[in-house]
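Here are my notes on the model you sent. Please read them with the structure open.

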Amino acid sequence: MEFQKYIENQVFSPKLIAFALRTTQSEIADTLGLNRDALLRTSRIRAVKSQTRLRQMVEILNRVETATGSPLAAYAWFRAEPLPGFGGATPDQLLREGRTDEVHAHLERIMSGGYA
């Protein structure tokens, strides 16, 4: 997922991201632990929390896309794959808890040939 494809008017566009992932903006909001208005109302899309979570999700999807083969498969992994060592929490759950750095560290370990 190339960042520039998902930026519109200098912010991450939930509409463009949802279209690329063949889902809805409401589902993206739910996945990120945001109120659906956070990604549907123009005034709230620019909020720091909304933009931070969108960016974090796109960063993670970008990292796993090469391993999963497509943005859709990366999104499915993000929402459904329980990570070993995190009590079965999925990457989206960890992102909602503010533990994105731990997801990145986990991916770094795996991608460098380590174990989960």
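Is Thr-31 buried or exposed?

1. Thr-31 is buried: its relative accessible area is 1%. The cut-off for buried is under 20%, so Thr-31 qualifies at 1%. Keep in mind that this is a predicted model.

2. Now its place in the chain. Thr-31 belongs to helix 2, which covers residues 25-31.

3. Next, its neighbours. Leaving aside residues up to four places away in sequence, Thr-31 touches Tyr-75, Phe-78, Arg-79, Asp-92 and Arg-96.

4. On the overall fold, the protein has 8 helices and 2 strands. Read from the N terminus, the order of elements is β-β-α-α-α-α-α-α-α-α. The radius of gyration is 14 Å, close to the 13 Å that the globule rule gives for 116 residues, so the protein is as compact as a globular protein of that length.

5. On dimensions, the C-alpha trace spans about 40 × 25 × 20 Å along its principal axes.

6. On packing, 40% of the 116 residues count as buried. Thr-31 is one of the buried residues. Take the contacts between residues at least 6 apart in sequence: 44% of them join residues at least 24 apart.

7. On the surface, the accessible area of the protein is about 6,500 Å². Carbon and sulfur atoms account for 49% of that area.

8. Last, charge. The protein carries 15 positive and 13 negative charges. The mean positions of these two sets lie 6 Å apart.

Notes
Residues numbered from 1 in each chain as written. Predicted model: local features only at pLDDT ≥ 70, side-chain atom pairs only at ≥ 80, totals over all residues. Heavy atoms only, no water. Helix = DSSP H or I, 4+ residues; strand = E, 2+ residues; numbered from the N terminus. Buried < 20%, exposed > 50% of the residue type's maximum accessible area, 1.4 Å probe, protein only. Contact = heavy atoms within 4.5 Å. Rg over C-alpha atoms; globule rule 2.2 N^0.38 Å. Areas by Shrake-Rupley, 256 points an atom, 1.4 Å probe, with all protein chains shown as cover. Lys, Arg positive; Asp, Glu negative; His and termini not counted. Charge placed at Lys NZ, Arg CZ, Asp CG, Glu CD.
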